Amino acid sequence: MPEKILIIEDEEKIARFIELELTHEGYEIEKSYNGREGLEMAEKGHFDLLLLDIMLPELNGLEVLRRIRKTSEIPIIMLTARDAVTDKVSGLDMGADDYITKPFAIEELLARIRVALKRKKNMTKESATLDAGKLVLDKNAHSVTFDGNPIELTNREFLLLEILLENKSIVLSRDTLLEKVWGYDYMGETNVVDVYIYYLRNKLDAVSPEKIIETVRGVGYIIK
């Protein structure tokens, strides 16, 4: 099955050129010409890698990157005419895997794509599942089980549990969880973390004889 790449690039000639080259290399390609549509496609589709321009209409590439990184670790290569160091630093700090400046040689882009996809495969092999005793979270299958029995979680509950398991035996403050799960610019109710911990606990306590998520009073939450 060919690997699937989404190109989010507003210059149609460039997007078409990249599409033809990548299709020739055996990749399956989809395209978007604006940031908002590209974000929706990235969130709904099952892509292996994104090529993301910064200067996009409707929603700029850095904002698309920031929103995608709330819920996904898909490899993202920033593809842009802007070559200022600050732009590169911003993209990489926000979670981009690589950065290539226009104009570029297609051979270089192909090499960077191969590296990013290989890194993803290696990471998937190493960390596809997280566990705490009989509780197992599978990132690839987007599933959670306890002693082999499935637990139905919403996307937000799943991400909250994933963050807690990735930081097992570390107390995470409400502010840390709020930033990692909802984003640093979240403007909703401040007790949203406590509400979702309550939802998540109810589902876990229904199948586990012991408390999985513990409260450290005045600090935050932990899975030991």
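Isoleucine 76 is buried, with a relative accessible area of 0%. The residue sits in strand β4, which covers residues 76-80. The model is predicted. Its protein chain has 224 residues, and 42% of them count as buried. The structure also holds 17 salt bridges.

**Isoleucine 76 in strand β4**
- Beyond four places in sequence, isoleucine 76 is in contact with Leu50, Leu52, Leu65 and Ile68.
- Arg69, Ala96, Asp97 and Asp98 are also among the contacts of isoleucine 76.
- Alanine 96 lies 20 residues from isoleucine 76 along the chain, yet their C-alpha atoms are separated by 5.3 Å.
- Isoleucine 76 counts as buried because its relative accessible area is 0%, and the cut-off for buried is under 20%.

**Isoleucine 100 in strand β5**
- Isoleucine 100 belongs to strand β5, residues 98-101.
- Isoleucine 100 is buried too, at a relative accessible area of 2%.
- Residues up to four places away aside, isoleucine 100 touches Ile77, Met78, Leu79 and Thr80.
- Glu108, Leu109 and Arg112 are also touched by isoleucine 100.
- The C-alpha atoms of isoleucine 100 and lysine 88 are separated by 9.0 Å, with their positions twelve residues apart in the numbering.

**Salt bridges around arginine 112**
- Aspartate 98 and arginine 112 meet through their side chains in a salt bridge, at 2.7 Å from N to O.
- That pair links distant parts of the chain: aspartate 98 is in strand β5, arginine 112 is in helix α5 (residues 106-127), and they are 14 residues apart.
- Arginine 112 also forms a salt bridge with glutamate 108, again at 2.7 Å from N to O.
- Arginine 112 and glutamate 108 are four residues apart in helix α5, so about one helical turn separates them.
- Arginine 112 is partly exposed, with a relative accessible area of 24%.
- Glutamate 108 is partly exposed as well, at 35% relative accessibility.

**Other salt bridges**
- Arginine 174 and aspartate 194 form a salt bridge, and their closest N and O atoms are 2.7 Å apart.
- This pair also links distant parts of the chain: arginine 174 is in helix α7 (residues 174-182), aspartate 194 is in helix α8 (residues 192-205), and 20 residues lie from one to the other.
- Arginine 174 counts as partly exposed at 30% relative accessibility.
- Aspartate 194 counts as partly exposed at 28% relative accessibility.
- Glu9, Glu11, Asp53 and Lys102 are joined into one network by salt bridges that share partners.

**Backbone points to check by eye**
- Lysine 102 and proline 103 are joined by a cis peptide bond, with omega about -10°.
- Proline 103 lies in the loop between β5 and α5.
- Aspartate 147 is not a glycine, but its phi is positive, about 55°.
- Aspartate 147 is placed in the loop between β8 (143-146) and β9 (149-150).
- Aspartate 147 is exposed, because its relative accessible area is 51% and the cut-off for exposed is over 50%.
- Serine 169 likewise has a positive phi, about 70°, and is not a glycine.
- Serine 169 falls in the loop between α6 (155-166) and β10 (172-173).

**Surface charge**
- A patch of negative charge on the surface gathers Glu37, Glu40, Glu43 and Glu58.
- Glutamate 58 is in the loop between β3 (49-52) and α3 (61-68).
- Glutamate 58 counts as exposed at 55% relative accessibility.
- The protein chain carries 31 positive and 41 negative charges, and their mean positions are 3 Å apart.

**Whole chain**
- The secondary structure comes to eight helices and twelve strands.
- The C-alpha trace spans about 60 × 40 × 25 Å along its principal axes.
- The chain exposes about 12,500 Å², and carbon and sulfur atoms supply 49% of that area.
- Of the contacts between residues at least 6 apart in sequence, 56% join residues at least 24 apart.

Definitions and conventions: Residues are numbered from 1 along each chain as its sequence is written. This is a predicted model: local features need pLDDT of at least 70, side-chain atom pairs count only at pLDDT 80 or more; totals for chains, interfaces and linings use all residues. Side-chain values use heavy atoms; hydrogens and water are left out. Patches are made of residues with over 30% relative accessible area and no salt bridge: like charges are joined within 9 Å, nonpolar side chains (Val, Leu, Ile, Met, Phe, Trp, Tyr) within 5 Å. Accessible areas come from the Shrake-Rupley method with a 1.4 Å probe; for residues, only the protein chains shown count as cover. A salt bridge is a side-chain nitrogen of Lys or Arg within 4 Å of a carboxyl oxygen of Asp or Glu. Lys and Arg count as positive and Asp and Glu as negative; His and the chain ends are not counted. The place of a charge is taken as NZ of Lys, CZ of Arg, CG of Asp or CD of Glu. Helices (H or I, at least four residues) and strands (E, at least two) are DSSP runs, numbered from the N terminus. Buried means under 20% relative accessible area, exposed over 50%, partly exposed in between (1.4 Å probe, protein chains only). Contact means heavy atoms within 4.5 Å.
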